[in-house]
Amino acid sequence: MSAQLIFSDLDGTLINDDLKVTAATRDAIRRQIINGNIFVPASARLPKGMMTVVNQILKVCPFIAYNGALALDETGRVLISRFFNAKEAAEICRYVDEQDNDAAWNIYSGYVWYCSEEKSPRVEHEESIVKVQATPTTIEQIAKLQGVHKGLIMGEPEDLDRMQEELTAKYPDLTFVRSAENLLEIVLKGVSKASAVKIVAQEYGVDLQNCIAFGDNYNDEDMLEEVGYPFLMGNAPAELKQKFAPEQITADNNHDGVAKALAKIE
C-alpha cells in the first residue's frame with residue numbers, strides 16, 4: 001500500500017538534532033513523490049521557517065503551518081487561514097511579561113514573526129533554528145494587528161506547566177498545546193493539525209484512511225489519530241508512546257524513523 005498523502009511534522013520528526021533531513025529520509029520521501037504521492041509538511045513553524053527544512057527535499061509542495069491555522073496548496077492558494085483576536089494576543093503578551101521568570105512571548109500573523117523589543121536569548125536561539133529573524137515590536141502594536149495565526153510562549157517546562165493551566169482557564173476560546181517541553185503554542189479553539197489534515201485531504205480528494213502521518217509530540221497526537229497509517233517517532237515523550245501500538249512507533253529522528261516507516265509500508 002502506498003499512501004496518497006504523507007503528512008509530516010518537522011522538528012524532532014523529519015529533521016535530526018542537527019536540523020538536517022538525512023539522505024535516507026530525503027530519498028524515501030522523493031521515492032514516494034515519484035510514485036505519485038503528495039508530501040505535506042505540517043508544523044507549528046511559520047511558513048518561511050518551514051521552507052528552510054522542506055527545501056532540503058523539494059522546492060514546491062502544499063503545507064500546513066502554525067499547527068493548522070494556515071494551509072496553502074502547492075500553487076500558494078490559501079486553503080485555511082484562522083486567526084484569533086489581536087487584543088487577546090496582546091493580553092497574553094502582558095501576562096508573560098508580568099511573570100517572574102525568563103519566559104518570552106512570540107506572535108505570528110500572516111508571514112511575520114513578532115517578538116518583544118528586548119529580544120530574549122530564547123528567541124535568538126529559535127531564530128538560529130528556523131533561519132528566520134523575528135521582528136521586535138511593542139505590545140501596543142500587537143493589539144492593532146488584524147488577527148493572529150499563532151502565539152508561542154518559550155520558557156522553562158515547570159513555568160509553562162503553570163502558565164498553560166492558568167491561560168487555559170482564562171481563555172476558553174483558545175487552545176494551548178505543547179510542541180516541545182519548553183514551547184507552549186497558542187491557536188484559536190478548533191485549530192489543530194488534525195482539523196487541517198481533514199481539510200487538505202478533502203481538497204485533494206483523498207481518504208484519510210489512505211494517508212500516512214509522522215509526529216513526535218503532543219501537538220501531533222490528534223493528527224496521528226486521524227490517518228490510517230500513523231507513526232510516532234522513537235524520541236516522543238514516554239507518556240505519549242503509551243497511547244500508540246508498538247507497530248505505530250518508529251525509530252527516532254536521528255536514526256531515519258521516517259524512512260524506516262515508509263520502507264515498512266512499501
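Two strands are said to pair if DSSP finds at least two bridges between them. With that in mind, and remembering that this is a predicted model, we can begin at strand S1, residues 5-8, which pairs with S2 in the parallel sense over four bridges. Within this pair, Leu-5 stands opposite Ile-38 of S2.

These two strands belong to an open sheet of four strands, whose order is S2-S1-S12-S13 and whose pairing is parallel. At its edges lie strand S2 (38-41) and strand S13 (229-232), each of which pairs on one side only. On average, neighbouring strands of this sheet are turned by 15° against each other, if direction is ignored. Helix H11, made of residues 257-265, packs on the sheet and touches strand S12 (211-215) and S13, while its direction makes about 155° with that of S12.

The structure also holds another open sheet, in which six strands follow the order S8-S7-S6-S9-S11-S10 with mixed pairing. Its edge strands are strand S8 (135-137) and strand S10 (174-180), each pairing on one side only, and neighbouring strands here are turned by 30° against each other on average, again with direction ignored.

Inside this six-stranded sheet, strand S6 (residues 104-109) and strand S7 (residues 112-116) pair in the antiparallel sense over four bridges, and Ser-109 stands opposite Val-112 in S7. Helix H5 (residues 121-130) packs on the sheet, where it touches S6, S7 and strand S9 (150-154), and its direction makes about 155° with that of S7. Helix H7 (residues 157-170), in turn, lies across S9, S10 and strand S11 (183-188), running at about 165° to S10.

Key: Residues numbered from 1 in each chain as written. Predicted model: local features only at pLDDT ≥ 70, side-chain atom pairs only at ≥ 80, totals over all residues. Heavy atoms only, no water. Axes fitted to C-alpha atoms, helices over the stretch in contact; angles between N-to-C directions. Contact = heavy atoms within 4.5 Å.
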